[in-house]
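Trainee: I have a predicted model open and would like a close look at the sheet and at what packs around it. Please take me through that part slowly, with the cut-offs behind each term.

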Amino acid sequence: MFPALASAQDIPQLNLERTTITAGMHLIDAQVAQTPEQREIGLMQRKEMPQREGMIFIFDRPGQQCFWMKNTVLPLTAAFVADDGTIVNMEDMKPQTTDPHCSAEPVRYVLEMNRGWFAKKGIKAGSKLGGPLFGAKR
């Protein structure tokens, strides 16, 4: 007999590629979710995340991006980010819900951080993020 295999959504993603993102004088160590499966799993099942870490979701082209928190126990804030790194809008998301949280306009990037991180750092809609992702030709 073989033990039942866990679905990919039951295991947190901890070993994704990483990139550094700047937010003013702050550095973010962001895991990169760029494949459909990586984006679908996101931060599901994570019990904790260090304060200067996050996850950046990269889509092939700009579009209205909507996120929910099914199987996600961490309270998060999603920053919906334009190609040039400008934060278009931000949404606080409640854990374990399927309430949609959407970008106010088409974006290619979504950065999830622990809820409250952006506010504590004075980062809001209109703030600009920096790093190798933003402004790169795609």
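Mentor: Along the sequence, the elements of the protein chain come in the order β-β-α-β-β-β-β-β-β-α-β, which gives 2 helices and 9 strands. Both kinds of element are DSSP runs numbered from the N terminus, helices being H or I with at least four residues and strands being E with at least two. Before we zoom in, keep in mind that this is a predicted model, in which local features need pLDDT of at least 70 and side-chain atom pairs count only at pLDDT 80 or more, while totals for chains, interfaces and linings use all residues. Residues are numbered from 1 along each chain as its sequence is written, and side-chain values rest on heavy atoms, with hydrogens and water left out.

Now to the sheet. Seven is the strand count of an open sheet with mixed pairing, in the order β6-β5-β8-β3-β2-β1-β9. Each of β6 and β9 has a single partner strand, so these two are the edges and one side of each is left without a neighbour in the sheet. Two strands are called paired if DSSP finds at least two bridges between them. Such pairing runs through backbone hydrogen bonds and may be parallel or antiparallel.

Start at the β6 edge. Strand β5 (residues 76-81) pairs with strand β6 (residues 87-93) in the antiparallel sense, over 6 bridges. One of the matches is Thr 77, whose bridge partner in β6 is Asp 92. The two strands make a hairpin with 5 residues between them, and Gly 85 in the turn has a positive phi of about 95 degrees. Elsewhere in the sheet, β3 and β8 also run antiparallel and are joined by 6 bridges; here Met 55 has Glu 112 in β8 as its bridge partner.

What packs around these strands? The largest nonpolar core has 19 residues, and the members that touch the most others are Ile 21, Ile 28, Ile 56, Leu 111, Leu 129 and Phe 134. At least two of its residues come from each of β1 (18-23), β2 (26-33), β3, β5, β8 and α2 (117-120). A nonpolar core here is a set of buried Ala, Val, Leu, Ile, Met, Phe, Trp, Tyr and Cys residues joined through side-chain atoms within 4.5 Å. Buried means under 20% relative accessible area, exposed means over 50%, and partly exposed lies in between (1.4 Å probe, protein chains only). Leu 129 is a good residue to click on: leaving aside residues up to four places away in sequence, its contacts include Ile 21, Val 81, Gly 85 of the hairpin turn, Leu 111 and Phe 134. Contact means heavy atoms within 4.5 Å. A separate core of 18 residues includes Met 55, Phe 80, Ala 82 and Val 110.

The aromatic rings add another layer, with 5 aromatic pairs found in the whole structure. Phe 57 and Phe 67 make an edge-to-face pair, since their ring centres are 4.8 Å apart and their planes meet at 80 degrees. Rings of Phe, Tyr and Trp (its six-membered ring) pair if their centres lie within 6.5 Å, and planes under 30 degrees apart count as stacked, over 60 as edge-to-face and the rest as tilted. This pair links distant parts of the chain, as Phe 57 is in strand β3 (residues 53-63) and Phe 67 in strand β4, 10 residues apart. Both Phe 57 and Phe 67 are buried. The rings of Tyr 109 and Phe 134 are edge-to-face too, with centres 5.1 Å apart and planes at 80 degrees. Tyr 109 belongs to strand β8 (residues 107-114) and Phe 134 to the segment after β9 (129-130), so this pair ties together parts 25 residues apart in sequence. Tyr 109 and Phe 134 are both buried. One aromatic cluster is formed by Phe 57, Phe 59, Phe 67 and Phe 80.

Finally, look at the link beside Phe 67. Cys 66 and Cys 102 form a disulfide (a pair of cysteine sulfur atoms within 2.5 Å), with their sulfur atoms 2.0 Å apart. Cys 66 sits in strand β4 (residues 66-67) and Cys 102 in strand β7 (residues 101-102), 36 residues apart. The link is right-handed, with 115 degrees about the S-S bond. Cys 66 is partly exposed at 42% relative accessible area, and Cys 102 is partly exposed at 24%. Asp 99, in the loop between β6 and β7, touches Phe 67 and Trp 68, not counting residues up to four places away in sequence.
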